[in-house]
Each structure stands twice: as structure tokens, then as C-alpha cells.
Amino acid sequence: MNLDDCHNFEDFRKLAKKKLPSPIFHYIDGGSDDEKTLKRNTSSFNDCDLIPSVLKGVGKPDLSTTIFGRKINLPLFLSPAAMQRLYDPEGDKASARAAEKFGTMYSMSTMANTSIEEIANISSGPKLFQLYIHKDKSITDDLVDRCKRANFDGLCLTVDTIVAGNRERDHRSGFTTPPKLTLESLISFAKKPKWVFNYLTNKRFEMANVKHKTDKGTNITKSVIQYINEQYDPGMNWKDAEYVVKRWNGPFALKGIMSVQDAKRAVDIGCTAILLSNHGGRQLDGATSPFDQIKEISDAVGDKVEIILDGGVRRGTHVIKAIAAGAKACSFGKAFLFSLSAGGQKGVEKLLKNIRDEIERDMMLMGCKSLSDLNRTK
């Protein structure tokens with residue numbers, strides 16, 4: 001199996017599983033507790049049916065939209081994802097280049113292995129930075145100010161990770177950052193010699209954006225859960241969010257909004273966007289899915305903020321359903337991380353081409369010339 005054989009999410013997942021050591025594959029693939037929310041994120045799209053309109057003379061539809069002040073060529077972009085160096089030696093650089101090539105947004109995690117400045121130097125495409133509030137507030141301020149200097153287009157603050165979810169797959173596999181060879185994991189790593197060779201012979205693993213502030217997760221072996229629980233501020237509140245909104249003073253989103261009340265509060269503190277997200281089912285298991293919530297939230301604040309659906313997107317039809325329900329765009333994480341693991345930059349480009357073609361074809365079959373034609377009308 002190779003990239004040419006990858007036609008959908010499951011194909012990329014299978015190829016990634018062949019290439020990654022088991023602890024790293026399951027870190028991408030897993031969720032929290034019983035993984036009910038993880039599954040619901042995608043299955044919720046099945047509860048919505050599409051009704052096409054025919055003989056519309058559609059031609060080639062316009063897939064573009066505008067978020068965070070930047071036009072993107074398709075209504076789907078890469079979610080912020082930590083530690084991409086684990087999946088491909090080029091990591092975030094590969095993702096950023098692929099996103100730029102397809103005219104969509106790349107998002108950088110606080111826990112990236114590539115620095116803000118490195119990405120700014122290699123990509124002129126739309127860029128979003130995802131922030132966590134650390135106990136050491138100087139880390140937060142430093143990240144915001146560096147993103148300003150690097151001309152990132154937007155900032156999003158993740159608000160659903162004040163404590164790490166119970167990711168039992170990581171407990172079982174012994175997943176740590178950087179990877180540590182234990183008796184339990186040794187066999188898994190030994191079965192993937194190409195991954196081990198690439199990991200050991202390429203750039204050293206580090207948390208590039210916080211390494212000068214803390215060595216946690218860089219010079220010592222820590223689990224992701226330990227890093228989150230030690231470094232992130234569990235007392236984060238609305239005043240902290242409002243402080244970052246004002247310090248950034250530009251297009252800004254809260255990531256992790258799932259209720260009408262919180263969506264309205266986000267508007268009140270000056271957010272220009274919200275990401276409906278449950279962290280890919282990796283935090284509170286039993287939580288509702290973003291698609292379950294989008295209609296109600298869109299009705300409440302859709303005319304005041306850009307609504308982005310983050311979670312469970314696997315198909316072009318999922319994107320179409322989300323936009324018809326009230327989203328301005330969607331973002332996805334697992335899909336592009338599997339494609340990055342499967343084939344680096346070329347893998348992400350293959351995924352983006354696949355899903356761009358799906359959205360374009362599905363728009364034509366729906367009888368829609370542009371995204372604004374999508375709606376809830378029966």
C-alpha cells in the first residue's frame with residue numbers, strides 16, 4: 001500500500017499504522033475514557049441528510065471563504081496539532097507547505113517542534129497560532145508577541161484543556177515526549193526501523209516555542225498528560241481569555257466552545273471567531289459533538305462571529321453539512337496527521353487534493369455554485 005492507494009480517511013489511517021510505532025499511532029488515533037465522544041464526532045454527521053437541487057447550471061463551484069481576515073481556497077484547514085516531528089521529520093514545515101500550496105490555513109500548536117519564526121520564514125500562506133495559558137504567564141505573553149512579529153493572521157486560545165483527558169491508550173502504550181524506549185515499547189519501535197532511523201538522524205526533538213522558557217517535554221521524558229497537568233493553568237478563566245484578546249488585538253478565536261452561553265460570552269469579550277470543538281474526543285468523554293451543537297450556536301451568534309467546526313470531519317459531505325448548518329469553515333486534525341505520517345508533505349497534499357475534489361464534486365451534485373448557496377432549506 002502506498003499514497004496512490006489512499007482515497008479516503010481510512011486508507012491514510014491504515015498506511016500510517018504500517019509506518020508508525022504503536023504508541024505514536026495510538027496517540028493520534030485515540031480518545032479519552034471509552035472513546036464515545038471520539039466516535040460521535042463523526043457519526044453525528046450521519047443524522048443529517050442532503051437534498052440536492054438539479055438543473056442549476058452550476059459549472060465549477062467556488063469553494064473559497066474568508067476566515068481570520070484571510071481568503072482560503074477551500075472551506076477546510078489544518079487544525080493545530082502538537083509534536084508533528086513524531087510523524088514526519090519535517091513535521092510542521094511539511095504541513096505548512098502543503099497548506100500553502102492548496103491555499104488554505106495552517107495552524108501551529110504551542111507544543112510544536114518547529115518555531116513560530118521558522119514557519120513564518122518558509123510560508124506566506126494563511127497562518128493561525130493556537131495558544132494555551134501556562135501557569136507561567138510570561139510564556140503566554142511571549143508567544144503572543146512573537147506571533148505578532150511573525151505576522152500570523154490569527155490566534156486561537158484552547159479552553160478545553162485545563163487538565164488532560166484520561167487517554168487510556170497512552171497509559172497502556174507508555175507514550176512519552178520525546179519517545180522513550182521501555183521494555184513495553186521496545187518491540188513496537190523495533191518493528192519500525194525506518195521510523196527509528198529518521199527520528200534519530202534528523203533534528204533533535206524539542207518544544208521549539210517554549211524551550212527557552214521551560215525544559216518540560218524537551219530535555220526530560222514526560223508524558224503529554226504530565227506536561228499538560230504541570231504546565232497549563234487549571235484556573236484559567238474568562239478574564240484570562242479577555243486579556244489575551246486585548247494583547248493580541250487582531251482576529252481571535254476560542255477553541256473548545258460547545259454551548260450557546262459560552263459562544264455568547266466569547267462575542268462579549270471581543271472574539272471574532274469560535275471553534276466548536278471537543279478536542280477530537282480526547283478530553284471530556286460523553287460530551288456532545290460539534291455538529292450536534294452547530295445549529296443552535298449558529299442561530300444564536302452566527303451573525304456576530306465566524307463559526308468553525310472542528311471535529312470528526314472525514315469527508316467532503318461532512319464539510320458541506322457543517323456549512324449548511326451554519327459554519328464558515330471546518331478544520332480537521334486526525335485526518336491530516338495520518339496523511340502526514342503516511343507520506344510527509346506529499347501525503348498531506350494528497351489528502352487535501354482528495355477532499356478538495358470531494359467538496360467540489362459534492363457541491364456540483366447539490367446544485368450549488370458557491371458556499372453561500374448551502375443552507376438548511378428543505
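Here are some questions and answers about this predicted model.

User: Happy to start with the sheet: what is the order of strands in the open sheet of 8 strands?
Analyst: Neighbouring strands in this sheet pair in parallel. The edges are β3 (76-78) and β4 (106-109), each of which pairs on one side only. Reading from one edge to the other, the order is β3-β10-β9-β8-β7-β6-β5-β4.

User: By how many degrees are neighbouring strands of this sheet turned against each other on average?
Analyst: Let's stay with the open sheet and its 8 strands. Leaving direction out of account, the average turn between neighbouring strands is 25°.

User: Which residue in β10 does Leu78 stand opposite?
Analyst: Strand β10 covers residues 329-332 and runs parallel to β3, with 3 bridges joining the two. The edge strand β3 spans 76-78, and the partner of Leu78 across in β10 is Phe332.

User: Which helix packs on the sheet while touching β3 and β10?
Analyst: Two helices are worth a look here. Helix α4 (residues 92-101) packs on the sheet by touching β3 and β4, and its direction makes about 160° with that of β4. The helix that touches β3 and β10 has a direction at about 155° to that of β10, and this helix is α15.

User: Which two residues touch the most other members of the largest nonpolar core?
Analyst: This core holds 100 residues. Helix α15 (residues 334-366) gives the most to this core, with 13 residues. As background, nonpolar side chains in soluble globular proteins tend to be buried together. The two members that touch the most others are Ile274 and Phe332.

User: How many residues are in the second, separate core?
Analyst: Ile308 is a good way in, as Ile274 touches Ile308 along with others, including Ala253, Leu254 and Val301. Ile308 belongs to the second, separate core, together with members such as Ile67, Phe68 and Phe77. The size of that second core is 12 residues.

User: Is Lys255 buried or exposed?
Analyst: Lys255 lies in strand β7 (residues 252-257). Among the residues that Lys255 touches are Pro80, Cys156, Asp160, His279 and Asp310. Its relative accessible area is 5%, and the cut-off for burial is under 20%, so Lys255 is buried.

User: What distance separates the C-alpha atoms of Lys255 and Val159?
Analyst: Along the chain, these two residues are 96 residues apart. In space, Val159 is one of the residues that Lys255 touches. Their C-alpha atoms are separated by 6.1 Å.

User: What is the phi of Met83?
Analyst: Most residues other than glycine have a negative phi. Met83 lies in the loop between β3 and α4, and Met83 is buried with a relative accessible area of 0%. Although Met83 is not a glycine, its phi is positive, at about 55°.

User: And where is the place of His279?
Analyst: His279 also has a positive phi, near 65°, in a residue other than glycine. At 14% relative accessibility, His279 counts as buried. Its place is in the loop between β8 (273-276) and α13 (290-301).

User: How many disulfides does a search of the whole structure find?
Analyst: Take Cys156: the nearest cysteine sulfur, that of Cys147, is 10 Å away, whereas a disulfide needs sulfur atoms within 2.5 Å. For Cys330, the nearest cysteine sulfur is that of Cys48, 12 Å away. Cys156 is buried, with a relative accessible area of 0%, and Cys330 is buried with a value of 0%. For the whole structure, the number of disulfides found is 0.

Conventions. Residues numbered from 1 in each chain as written. Predicted model: local features only at pLDDT ≥ 70, side-chain atom pairs only at ≥ 80, totals over all residues. Heavy atoms only, no water. Core = buried A, V, L, I, M, F, W, Y, C linked by side-chain atoms within 4.5 Å. Buried < 20%, exposed > 50% of the residue type's maximum accessible area, 1.4 Å probe, protein only. Helix = DSSP H or I, 4+ residues; strand = E, 2+ residues; numbered from the N terminus. Contact = heavy atoms within 4.5 Å. Pairing = 2+ DSSP bridges. Axes fitted to C-alpha atoms, helices over the stretch in contact; angles between N-to-C directions. Lists of a residue's contacts leave out its neighbours within four places in sequence.
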